[in-house]
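Please take a moment with the sequence and the model before reading on. The paragraphs below lead from the aromatic residues to the cores, the helices, the sheets and two loops.

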Amino acid sequence: MTYHPKSDFLRIMIERGYLADCTDYQGLDEALSNGMVTAYIGYDATAKSLHVGHLLNVMMLRWLQKTGHRPITLMGGGTTKVGDPSFRADERPLLGPDQIAENIDGMKQVFAKYLEYGEAGNGALMLDNAEWLDGLNYLEFLRDIGRHFSVNRMLSFESVKSRLDREQSLSFLEFNYMILQAYDFLELNRRYDCVLQMGGSDQWGNIVNGIDLTRRVLDHEIFGLTSPLLTTSDGRKMGKSAGGAVWLNSEMLSPYEFWQFWRNTTDADVGRFLRLYTELPLEECERLGALGGAEINEAKVVLANEVTTLCHGADAARAAEATAREVFEKGGAGEDLPTLELAAEDVADGISIVQVLVRAGLAKSGKDAKRLIGENGARMDDRPLDDPGLMLDAAALASPVKLSAGKKRHALVKLA
């Protein structure tokens, strides 16, 4: 990146590694330098929580607000009824209005930790595109908006092209998604003077569509900015762990497990993740990322504490670190560990250790649990487990039992 911006926001985006591409660096920089800019990112309500894969863009909205501009979090109450086909091999399952509303409520809890909402100044706005999409008149929409879209051009977008090249079905419903997303940008510009849409680089085609439509209909100058699609240094998609998605909502993933995900960052990713997911000064991110040997582990603790503090609060971060130190350094069974509570009837006739490993989330299946035991990867109260036929009864669980899978995954098992 050779462009040297005048605005704080664009400078931070470039320096910290948030920026993949921009439709007009100079034009956006001028707008950001000349006053408050309103920008948005859209989120379809496909789950009850955001996950770590969303966190990069949430941090972009946070930096936008910290540098004096106004963020909009646009909930896809309308577009979720269609489903974004981008880079998917099949159609998303369609959700009903009650499930969509429940998902939006869960996602709102996460945004409130990162952004300050309010009408005054640059207070963030939480909007729902169902407000303008639900009441659309189909014929009017086709005539006023549809005529600005070339099917030839839409077929050339990589997200559509890749699906068709693999001869995978693309429904007419899904094909409409990019038109609806473009219309979102038009409506946000018209209603809230929103001039910037941000998103992951896989959204580039959808963002450009919105810019083109808004210029054609309103003749307004607006901008698009994308972030890189992150993978870890070992090639895994950012936000996935052995147990599945890393959720930002504490009801779906405990703060301890969230903290542990960041503590387990590979050495090569520490500096980059500190720049992207914390607000530590750049020099400190570089210093910590350059540490070697055992010292890099303390940098990972800093990373885990900073990210967990933003998402769950300082108390949760301190409790998670204390639990981790007790478990790893002292061989204890920290109270903050994920806990499986078994009812008396569960253990009346004894319960197999294989079943307990699965129910505690330390193995995906009975076969996986047996493999773990066979490879000496499972421990109970820090002693190796070598018998997949072991049965636990009420006496064995009279006090909580600590189970471990490998060196980094632990759970407590106790009677309810």
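Rings of Phe, Tyr and Trp, the last taken by its six-membered ring, pair if their centres lie within 6.5 Å. With that cut-off in mind, and remembering that this is a predicted model, one can begin with the aromatic residues, where Phe258, Phe261, Trp262, Phe273 and Tyr277 form one aromatic cluster.

The structure holds eight aromatic pairs. One of them joins Phe141 to Tyr183 in an edge-to-face arrangement, with 5.2 Å from centre to centre and 90° between the planes. This pair links distant parts of the chain, since Phe141 belongs to helix 6 (residues 138-144) and Tyr183 to helix 10 (residues 177-192), 42 residues apart. Phe141 and Tyr183 are both buried. Another pair, Trp262 with Tyr277, is tilted, its centres lying 4.9 Å apart and its planes standing at 55° to each other. Here too distant parts of the chain are linked, with Trp262 in helix 12 (residues 255-263) and Tyr277 in helix 13 (residues 270-277), 15 residues apart. Trp262 and Tyr277 are buried as well. An aromatic ring can also meet a charge, and at Trp63 the charged end of Lys66 sits over the ring, 5.6 Å from its centre.

From the aromatic pairs the path leads into the cores. In soluble globular proteins, nonpolar side chains tend to be buried together. The largest nonpolar core has 98 residues, and of these Trp262 and Tyr277 touch the most other members. If neighbours within four places in sequence are left aside, the contacts of Trp262 are Val52, Leu55, Met238, Phe273, Tyr277, Lys300, Leu303, Ala304 and Val307. A second core, separate from this one, has 23 residues, among them Val356, Ala363, Ala369 and Val401.

One of the contacts of Trp262 is a lysine, Lys300, which lies in helix 15 (residues 295-312). Is Lys300 buried or exposed? Its relative accessible area is 7%, and because buried means under 20%, Lys300 counts as buried. Not counting residues up to four places away in sequence, Lys300 touches Trp262, Arg263, Thr265, Thr266, Asp267 and Val270.

Helix 11 (residues 204-218) offers a simple check of length: at 1.5 Å a residue its 15 residues should span 21 Å, and its end C-alpha atoms are 21 Å apart, so the two values agree. Many of the names along this helix also appear in a list of buried residues, which runs Gly205, Asn206, Ile207, Val208, Asn209, Gly210, Ile211, Leu213 and Thr214. These buried residues of helix 11 pack against helix 7 (151-156), helix 10, strand 5 (194-200) and strand 6 (223-227).

After helix 11 comes Asp219, which is found in the loop between that helix and strand 6. The phi of Asp219 is positive, near 60°, in a residue other than glycine. With a relative accessible area of 66%, Asp219 is exposed. Asn376 likewise has a positive phi, of about 60°, although it is not a glycine. Asn376 lies in the loop between helix 18 (366-374) and strand 11, and its relative accessible area of 58% makes it exposed.

Strand 6, which follows the loop of Asp219, belongs to an open sheet of six strands in the order 1-6-5-2-3-4, with mixed pairing. The edge strands of this sheet are strand 1 (21-22) and strand 4 (125-128), each of which pairs on one side only. Within the sheet, strand 2 (residues 38-43) and strand 3 (residues 70-75) run parallel and are joined by six bridges. Tyr43 has its bridge partner in strand 3, namely Met75.

Strand 11, which follows the loop of Asn376, leads to another open sheet, made of five strands in the order 9-15-14-11-12, again with mixed pairing. Strand 9 (339-342) and strand 12 (383-384) are its edge strands, and each pairs on one side only. Strand 11 (residues 378-380) pairs with strand 14 (residues 401-405) in the antiparallel sense, over three bridges. One bridge partner is given by Ala378, which is matched with Ala405 in strand 14.

Notes
Residues are numbered from 1 along each chain as its sequence is written. This is a predicted model: local features need pLDDT of at least 70, side-chain atom pairs count only at pLDDT 80 or more; totals for chains, interfaces and linings use all residues. Side-chain values use heavy atoms; hydrogens and water are left out. Two strands pair if DSSP finds at least two bridges between them. Helices (H or I, at least four residues) and strands (E, at least two) are DSSP runs, numbered from the N terminus. Rings of Phe, Tyr and Trp (its six-membered ring) pair if their centres lie within 6.5 Å; planes under 30 degrees apart count as stacked, over 60 as edge-to-face and the rest as tilted. Buried means under 20% relative accessible area, exposed over 50%, partly exposed in between (1.4 Å probe, protein chains only). A charge sits over a ring if NZ of Lys or CZ of Arg is within 6 Å of the ring centre and within 35 degrees of the ring normal. A nonpolar core is a set of buried Ala, Val, Leu, Ile, Met, Phe, Trp, Tyr and Cys residues joined through side-chain atoms within 4.5 Å. Contact means heavy atoms within 4.5 Å. The expected span of a helix is 1.5 Å times one less than its number of residues.
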